[in-house]
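Me: Please take one part of this model and examine it closely, setting it in the context of the chain around it. I would like one connected account, with each term explained where it is used.

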Amino acid sequence: MKKTILTLAAFAAFLGLAATPAPVSAKASTTKTVTRKIKVYRPSHYTTVKQVAVLKKRGKKWSKATWKAYKAPTQSGYKASTSTVKAAKVTSKTKNKTVKITYKAIKKTKKTAVKATSTASQLQLRQAALSVVNSFRAKAGVKAVRLNSKYNAVLDKRATAKAKQYVTTGTYDHSGYESLPTYLNTYPIVKGKVYYHGGETLHACYYDANTGNATSAMASAITSTFTENMQDEKNDYQAIVVKKTRKNITNISGTYEHYTMMVDGGNHQAYIGVGHYGTGVNAMVCIVIEFHN
């Protein structure tokens with residue numbers, strides 16, 4: 001009997017009458033991965049960054065994911081083709097993706113000096129000189145002088161000539177002073193009264209014209225060296241005239257009259273010319289100052 005039952009079961013299976021397996025539940029989950037490869041071609045190193053997004057399907061709906069933003073590594077002397085690979089949403093329709101980041105050498109450009117020829121640049125240099133003057137006047141207890149622009153063109157030309165004289169000969173002097181307008185090189189007389197005129201102050205100093213901002217470099221040079229020179233003249237004046245502790249002049253100008261003109265209370269305005277000449281670290285800037293009532 002047992003043998004008969006087995007034979008019938010086998011025969012039924014042969015005819016396709018065997019029991020059908022139970023259907024899979026509609027709630028069963030399915031996963032899917034979507035990959036973004038970021039290939040980083042650095043000059044000395046190659047790397048691949050893999051960003052894998054995993055999606056899950058429940059019923060008929062797929063979940064969503066995000067590829068995070070990626071910041072390209074920096075390389076000294078090189079610029080990346082993109083600084084950041086942006087974040088991106090990933091859906092069931094998103095395909096695998098490859099992003100390449102390449103690097104290109106940065107061309108080194110020679111810095112060119114910013115020429116101080118504009119009105120604003122020249123004013124900045126005049127103000128640098130004026131600040132030194134009024135700093136010493138304040139310490140001496142006298143009122144500040146005001147800047148007068150009437151003879152800017154004339155004095156700028158003279159300052160440029162003196163800067164050139166220094167660069168080409170190694171020194172400079174007051175030659176050519178007599179060619180200046182009468183009001184600048186004489187004691188002006190108005191309605192029979194002699195108005196005070198202090199004479200000319202020349203100051204020249206080197207600056208580095210290779211810097212990105214020549215105006216700033218000149219202003220800094222004027223402030224530091226003009227201050228130093230005037231302080232040396234002040235020290236000589238104090239020792240020789242005020243304290244009478246010695247008779248010899250030690251400052252590089254060989255006089256203390258520039259200092260006494262600068263702090264003279266009879267002066268109320270200053271005409272300041274600015275000029276520059278030369279290139280590189282041997283460029284020269286010069287200021288010409290005339291003090292007047």
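Reply: Contact here means heavy atoms within 4.5 Å. The model is a predicted one, in which local features need pLDDT of at least 70 and side-chain atom pairs count only at pLDDT 80 or more, while totals for chains, interfaces and linings use all residues. Residues are numbered from 1 along each chain as its sequence is written, and side-chain values use heavy atoms, with hydrogens and water left out.

The part chosen is helix α2, residues 119–140. The chain holds six helices and 15 strands in total; these are DSSP runs numbered from the N terminus, helices being H or I of at least four residues and strands E of at least two. The 22 residues of α2 should span 32 Å at 1.5 Å a residue, and the end C-alpha atoms of α2 are 31 Å apart, so the two values agree. The expected span is 1.5 Å times one less than the number of residues. Just after the helix, Gly141 takes a positive phi of about 80 degrees.

Which residues of α2 are buried? Near the start of the list come Ser121, Gln122, Leu125 and Arg126. Ala128, Ala129, Leu130, Val132 and Val133 are also buried, as are Asn134, Phe136 and Arg137. Buried means under 20% relative accessible area, exposed over 50%, and partly exposed in between (1.4 Å probe, protein chains only). Across the chain of 293 residues, buried residues make up 33%.

The cover over the buried residues of α2 includes the helices α3 (152–169), α5 (214–242) and α6 (257–262). Strands also take part in that cover, among them β10 (146–147), β14 (269–277) and β15 (283–292). For the chain as a whole, 62% of the contacts with a separation of 6 or more are between residues 24 or more positions apart.

Two of the covering elements, α5 and β15, can be followed onward through His203, a residue of strand β13 (residues 197–207). His203 counts as buried because its relative accessible area is 3%. Leaving aside neighbours within four places in sequence, His203 is in contact with Thr225, Phe226 and Asn229, and with Val285, Cys286 and Ile287. Tyr172 is another contact of His203. The side chain of His203 is joined to that of Thr225 by a polar contact of 2.8 Å, and to that of Asn229 by a polar contact of 3.3 Å.  A polar contact is a pair of N or O atoms within 3.5 Å; within protein, one must be able to donate a hydrogen and the other to accept it, and residues adjacent in sequence count only if both atoms are side-chain atoms.
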